[in-house]
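Got the model open in your viewer? Switch to a cartoon view, keep the selection box handy, and follow along.

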Amino acid sequence: MNDVTLFVHLREADERDMPGLLRLEEDCFGSERFPTEVLRAFLVREDAFAVVAVENDEIVGSAMCMISQDMGEGKIASIAVLRKARGSGIGSALLDECENRFRAMGLRLYTLEVEDTNEPAIALYKSRGYEAKGTMTDFYGAGRHAYAMEKSVRPTGTKVTVRNA
C-alpha cells in the first residue's frame, strides 16, 4: 500500500484523453499495450465505454469495457493504473464504476480475464464476488495464462409477493 493519498476524479473518457491513455498503456503494458485504434474504439463505439481516473490533470488509471445487451453481459477488457499510483484504491474505484454502469444498463453477467500471476487484481476481483471459471492457456503469450472470471448479478427492483384471492 502506498503512503500517498490521491484524490481522483472518475469520468467518461473522450478523444482528448488519447495522449494520456497512450501514456498509461505504455506504463502498464509496454509492448503489449492496446494499439491506438483499439483505444479509440472504446471511446466511439456504442457497445463500449472507457472511464478515466484523473488526479491533478493527469490520467492515473482507466477502465475499458464492452457491453452486449443481447447477452446481458458487461466485459471489463482492461483496468490499468499507473505504477506510481497502485495500491491507492484507484483500481477498486474503477471496478466500482464499471459495475455501476453495467448495473444501470440492466446487465446481469460481468466478465473479465486476468493474468494468473496478478495476485493483487485477482484478490480484488474475488473480494467483489468474481469467480474463476477456467484458465486460458497462453492468453497473454507463451507460458502466460489467464483466469476467465465472472460475476452473476441479480436483477434489482422491488420484490412483490402476490397472494391468491
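## Starting at a hairpin

Select β2 and β3: the two form a hairpin, with two residues between them. In that turn, click asparagine 56, which has a positive phi of about 50 degrees. Bear in mind as you look around that this is a predicted model.

Now colour residues 48–55, strand β2, and look across at its partner. The pair runs antiparallel, and eight bridges join β2 to β3. For one rung of that ladder, pick phenylalanine 49, which stands opposite cysteine 65 in β3. Keep phenylalanine 49 labelled for later.

## The other side of β3

Stay on β3, residues 58–68. Turn to strand β4, residues 73–81, and you'll find another antiparallel pairing with β3, again held by eight bridges. Select glycine 61 and its bridge partner in β4, valine 81.

Follow the chain through the link and you have a second hairpin: β3 and β4 have four residues between them. Glycine 72 sits in this turn, with a positive phi of about 65 degrees.

Is β3 mostly buried, or mostly exposed? Put a surface on everything else and check: eight of its 11 residues are buried, so the strand is largely enclosed by the rest of the structure.

## Zooming out to the sheet

Show all the strands. Seven of them make up an open sheet with mixed pairing, and the order to trace is β1-β2-β3-β4-β5-β7-β6. The edges are β1 (9–12) and β6 (131–136), each of which pairs on one side only. Look along the sheet and you'll see the twist, which averages 25 degrees from one strand to the next.

Go to the β6 edge. Five bridges join β6 to strand β7 (residues 146–152), and the two run antiparallel. A pair to click here is glycine 134, standing opposite alanine 148 in β7.

Next, bring in helix α4, residues 119–127, which packs on the sheet and touches β4, β5 (109–115) and β7. Compare its direction with that of β5: the angle is about 160 degrees.

## Along helix α3

Select residues 90–104. This is helix α3, with 15 residues, and it reaches 21 Å from its first C-alpha to its last, close to the 21 Å expected at 1.5 Å a residue. Show side chains for its buried residues, among them Ile90, Leu94, Leu95, Cys98 and Phe102. As you look down the axis, remember that an α-helix has 3.6 residues a turn, so residues three or four places apart point the same way. Just after α3, glycine 106 takes a positive phi of about 80 degrees.

## Aromatic stops

Time for the rings: the structure holds five aromatic pairs. One of them is phenylalanine 34 with phenylalanine 42, a tilted pair at 5.6 Å centre to centre and 40 degrees between the planes. Phenylalanine 34 is partly exposed, with a relative accessible area of 21%, whereas phenylalanine 42 is buried at 7%.

Then go back to your label on phenylalanine 49, which forms an edge-to-face pair with phenylalanine 102: 5.8 Å centre to centre, 65 degrees between the planes. Phenylalanine 49 lies in strand β2 and phenylalanine 102 in helix α3, so this pair ties together parts that are 53 residues apart in sequence. Phenylalanine 49 is buried, with a relative accessible area of 4%, and phenylalanine 102 is buried at 0%.

For the last stop, add Tyr110 to the selection: Phe49, Phe102 and Tyr110 form one aromatic cluster.

Conventions: Residues numbered from 1 in each chain as written. Predicted model: local features only at pLDDT ≥ 70, side-chain atom pairs only at ≥ 80, totals over all residues. Heavy atoms only, no water. Buried < 20%, exposed > 50% of the residue type's maximum accessible area, 1.4 Å probe, protein only. Pairing = 2+ DSSP bridges. Expected span 1.5 Å × (residues − 1). Axes fitted to C-alpha atoms, helices over the stretch in contact; angles between N-to-C directions. Contact = heavy atoms within 4.5 Å. Phe/Tyr/Trp six-rings, centres within 6.5 Å; stacked < 30°, edge-to-face > 60°.
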